[in-house]
Amino acid sequence: MKYIDLRSDTVTKPTQKMRDAMYQAPVGDDVFSDDDLMNELEDLVAKKLGKEAGVFVPSGTFSNQLALYTHCNQGQEVILDQDAHIVQHESGASPVISSVQLFTLESDKGIWNLEKLERVIKKRSISTTETKLVCMENAFGGRVIPLDYMSKVHAIAKKHNLAVHLDGARIFNAATALNVEVSEIAKYADTVSVCLSKALGAPVGTVLVGPKPFIDEARLKRKQMGGGMRQIGILAAPAKIAVEEMSKRLYVDHENAAYMEGLLKEIPNITVDETQRDINMVFFDINDDRKYHLHDFLYKNGVKILPYEGAFRFVTHFDIDRNEIKKAIELVKKFFS
Ligand SMILES: Cc1ncc(COP(=O)(O)O)c(C=O)c1O
């Protein structure tokens with residue numbers, strides 16, 4: 001059975017064009033910098049983001065953690081949102097890999113009180129550790145963080161000589177929603193992690209971009225973490241298509257999410273979280289205790305969703321169309337009717 005998969009935009013399969021490009025990709029040993037296609041991909045992503053250099057890693061988690069490891073020394077502090085992917089969903093990696101202290105600051109759905117941010121920045125003393133890095137995330141869940149807010153966070157960080165890292169797992173979605181180039185978002189960070197296997201459809205990979213000396217150091221640390229890879233032109237080939245072509249069609253996923261939201265709102269007692277409706281995701285809750293069984297009902301009827309965890313999150317992507325969205329939401333309607 002072909003499932004309608006609303007769990008995430010990571011579930012997409014590589015397109016035929018990507019598969020053909022993989023098959024034909026020229027390759028070399030990337031640890032010796034011999035893989036020309038990978039060198040091209042890293043340069044392409046860096047240029048798009050307005051940065052000097054990039055390094056390819058297997059996942060968004062690897063990229064974020066490599067950024068922390070390269071920015072910080074042991075015992076230094078990283079300020080980030082309490083709901084940031086880096087602290088909530090990366091398997092507790094930061095204290096293990098980088099021996100850093102994570103200071104999580106409460107936000108209003110990704111927006112900090114900036115006076116509070118400035119107050120918690122610390123200098124090294126007999127009893128405090130030094131803050132080294134501030135992390136932002138854009139898109140943040142399904143919310144796009146406004147650029148004027150990012151510029152203020154960046155300005156505060158620079159005033160205190162801190163580095164800024166952006167988890168831009170879905171930066172192309174954020175740029176599509178804001179109708180700007182990705183570089184307009186990336187300019188408020190020193191380093192950015194850009195996932196190619198989420199909404200863009202590449203089978204594997206994230207590129208960490210930033211200043212050349214930083215990326216040179218990150219490349220050594222990637223090897224130390226076991227991330228030195230060999231003939232990875234076969235991964236660069238679909239990733240180039242993801243960046244050059246698939247990034248231009250994300251508005252379709254966003255429009256489909258708006259369409260899905262419209263259908264969901266026809267169901268009684270549903271509340272859509274409007275603060276997180278900027279990209280290809282719809283977060284919603286329903287005031288009906290049967291919601292705990294929706295996952296199993298949909299699964300039996302050919303639709304995959306994540307289990308209920310305080311809210312539902314349905315995600316659109318290029319492997320589902322409007323007919324499938326309609327079919328899935330009609331099943332939701334039927335379940336609650
Ligand atoms: C915002 C954000 N950052 C980082 C990641 C980590 O990416 P990966 O699953 O490739 O490790 C994800 C994964 O969905 C994410 O949503």
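In this predicted model, strands S7 and S8 run antiparallel and are joined by four bridges, and one of the residue pairs in that arrangement is Ser 193 with its bridge partner Leu 208 in S8. Strand S8, which spans residues 206-210, also pairs with strand S2 in the antiparallel sense, here over five bridges. Within this second pairing, Val 57 has Thr 206 of S8 as its bridge partner, while Gly 54 is matched with Val 209 of S8.

How many of the five residues of S8 are buried? The strand is mostly covered, with five of its five residues buried, and this holds for residues pointing either way, since Thr 206, Leu 208 and Gly 210 point one way from S8 whereas Val 207 and Val 209 point the other way, and all are buried. Strand S2 (residues 53-57) gives a comparable account of itself, being mostly covered with five of its five residues buried. On one side of S2 lie Ala 53, Val 55 and Val 57, and on the other lie Gly 54 and Phe 56, so that both faces are covered.

Helix H2, running over residues 36-49, has 14 residues and reaches 20 Å from its first C-alpha to its last, which is close to the 20 Å expected at 1.5 Å a residue. Its buried residues are Leu 37, Met 38, Leu 41, Glu 42, Val 45, Ala 46, Lys 48 and Leu 49. An α-helix has 3.6 residues a turn, so residues three or four places apart point the same way. What covers the buried residues of H2? The cover includes strands S2, S7 and S8 together with helices H9 (182-186) and H11 (233-244). Just after H2, Gly 50 takes a positive phi of about 75 degrees.

The ligand can be considered next. The residues around the ligand are Ser 59, Gly 60, Thr 61, Asn 64, His 85, Glu 137, Asp 167, Ala 169, Cys 195 and Thr 206, and Thr 206 is also the residue of S8 that is the bridge partner of Val 57. The largest share of this shell, three residues, comes from helix H3, which covers residues 60-71. By character, the shell divides into two nonpolar, six polar and two charged residues.

Asp 148, whose place is in helix H7 (residues 147-159), offers a contrast in its surroundings. Why is Asp 148 classed as exposed? Asp 148 has 8 other C-beta atoms within 10 Å, and a residue counts as exposed because 12 or fewer such atoms lie within that distance. Asp 148 and Arg 7 are 141 residues apart in sequence, and from C-alpha to C-alpha they are 31 Å apart in space.

On the scale of the whole protein, the domain assignment gives domain 1 as 4-10 + 249-336 and domain 2 as 16-246. The centres of domain 1 and domain 2, taken over C-alpha atoms, are separated by 28 Å, and 17 residues of domain 1 are in contact with 16 residues of domain 2. On the side of domain 1 that touches domain 2, the elements giving two or more residues are helix H12 (250-264) and strand S10 (281-286). Helix H12 supplies the largest share of that side, four residues, and the residues of the side of domain 1 that touches domain 2 divide into six nonpolar, six polar and five charged.

Definitions and conventions
Residues are numbered from 1 along each chain as its sequence is written. This is a predicted model: local features need pLDDT of at least 70, side-chain atom pairs count only at pLDDT 80 or more; totals for chains, interfaces and linings use all residues. A residue is near a molecule or strand if its C-beta atom, placed from the backbone, lies within 6 Å of it. Ala, Val, Leu, Ile, Met, Phe, Trp, Tyr, Cys and Pro count as nonpolar, Asp, Glu, Lys and Arg as charged, and the others, Gly among them, as polar. A residue is buried if 20 or more other C-beta atoms lie within 10 Å of its own, exposed if 12 or fewer, and partly exposed in between; C-beta atoms are placed from the backbone. Two strands pair if DSSP finds at least two bridges between them. The expected span of a helix is 1.5 Å times one less than its number of residues. Two residues are in contact if their C-beta atoms, placed from the backbone, lie within 7 Å. Domain bounds come from an automatic or database domain assignment.
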